[in-house]
Amino acid sequence: MRLITGRLLALLPVLFGLCVLSFALLASVPGDPVTAMLGLEADPAAVAALRAKYALDDPLPLRFLAWFWQVLQGDLGRSIQTGRPVLGMIGAALLPTLQLALAALVVSLLIAIPAGVVAATRRNGPADFAATLVALCGLSLPSFWLGILLIMGFSIAIPVLPSSGHVPFLQDPLEALRHLALPALTLGAALAAATMRMTRAAMIEILSADYVRTARAKGLPARRVVWRHALRNALMPVVTLVGLQFGQLMGGVVVTESVFSWPGIGKLTVDAIFARDFPVVQGAILVTATLFVLINLLTDLLYTVLDPRLRSRA
């Protein structure tokens, strides 16, 4: 509990600095949200009333303090474009993003961990070269290009999966999985490439350790040595990478969400930026940054599960 409390307290200045920085950057962006909402030919009285409603004519420090006070009370304000509560809009977009992020990570790990282990145990062999080649292709291919290829293959040429849209999982689990398949595969392929390379490098290092050679000398089966003893210790850097990937995914993957018309938080943020809807942008940045730092905290705590030495130090 001391470890968790200390980490959470250390996150508070990070989040406050992010609030200040994001507010200042958005305030310096060219363009007027009221003009973007009402148009150039709007009635001056209506423009003045709307600017007064959202306190856009107040000095920047006062606007920040008023917004930050609302944030401390759990209120992220209302959208300038729609008038809806920002927290509700982000909450509606966060669930599809969470579904896509988890599905992409599952696809990535199912591909990357076995491929990385096989490549490490058959180092410099055909399997290693094949896995490395596939990983390099995964890192090199743009996600939007891979997504378009998957749509052409599995939605047009062989129409077995939908090309766009989102269905809530509780509404229809099977249809939700069908809509989730292509975007999750698109993201998972790119994530798997980096994770596979990390798994391979960590496994090569661990397999040359003294305790692995001792386990082999005792006559333990090779499968048990690799999958039970070596892999668990090789997962430390992989956990770090997966934690960072999950945090990035929770921030929204704009290109993939746009290709598949996925109503995630990335698409919501980009639409709000184009509409100069600053309360939505500020709320989305704050929520995604908070999720990112919390995921990093969970990653640190997971280290203590994988490595008992860290648990004793904590």
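1. Helices here are DSSP runs of type H or I that are at least four residues long, and by that rule the chain over residues 176–194 is 100% helix and 0% strand, with its end C-alpha atoms 27 Å apart. The model is a predicted one, and the values in this note should be read with that in mind.

2. Residues 176–194 also appear in the UniProt record, an unreviewed entry, which places the feature "transmembrane region" there and at residues 98–121, 133–156, 234–260 and 280–306. For one of these other spans, residues 133–156, the model gives 92% helix and 0% strand, and the end C-alpha atoms lie 28 Å apart.

3. Helix α8 covers residues 173–207 and holds both arginine 178 and glutamate 175, which are three residues apart, or about one turn of the helix. These two residues form a salt bridge in which the closest N and O atoms are 2.9 Å apart, while the structure as a whole holds four salt bridges.

4. On the overall layout, the protein is divided into domain 1, residues 1–73, and domain 2, residues 87–310, and the C-alpha centres of the two domains are separated by 32 Å. The domains do touch, with 19 residues of domain 1 in contact with 14 residues of domain 2.

5. How much area do domain 1 and domain 2 bury between them, and what share of it is on carbon and sulfur atoms? The buried area is about 1600 Å², and carbon and sulfur atoms account for 81% of it. Within the area that domain 1 buries against domain 2, Arg7, Leu15 and Leu26 supply 30%, which is more than any other three residues.

6. A reader looking for polar links between the domains should note that the rule finds zero salt bridges across the interface of domain 1 and domain 2. The count of residue pairs in polar contact between the two domains is likewise zero, where both residues must have pLDDT 80 or more, and pairs below that cut-off are therefore not covered by this count.

7. The side of domain 1 that touches domain 2 draws at least two residues from each of α1 (2–27), α2 (33–38) and α4 (60–72). Of the contributors to this side, α1 gives the most, with eleven residues. By residue class, the side of domain 1 that touches domain 2 comprises 15 nonpolar, two polar and two charged residues.

Key: Residues numbered from 1 in each chain as written. Predicted model: local features only at pLDDT ≥ 70, side-chain atom pairs only at ≥ 80, totals over all residues. Heavy atoms only, no water. Domains from an automatic or database assignment. Contact = heavy atoms within 4.5 Å. Buried area = accessible area lost by both parts, 1.4 Å probe. Salt bridge = Lys/Arg side-chain N within 4 Å of Asp/Glu carboxyl O. Polar contact = N/O pair within 3.5 Å; in protein donor to acceptor, adjacent residues only side chain to side chain. Nonpolar A, V, L, I, M, F, W, Y, C, P; charged D, E, K, R; others polar. UniProt positions renumbered as here; feature names shortened; annotations may be inferred.
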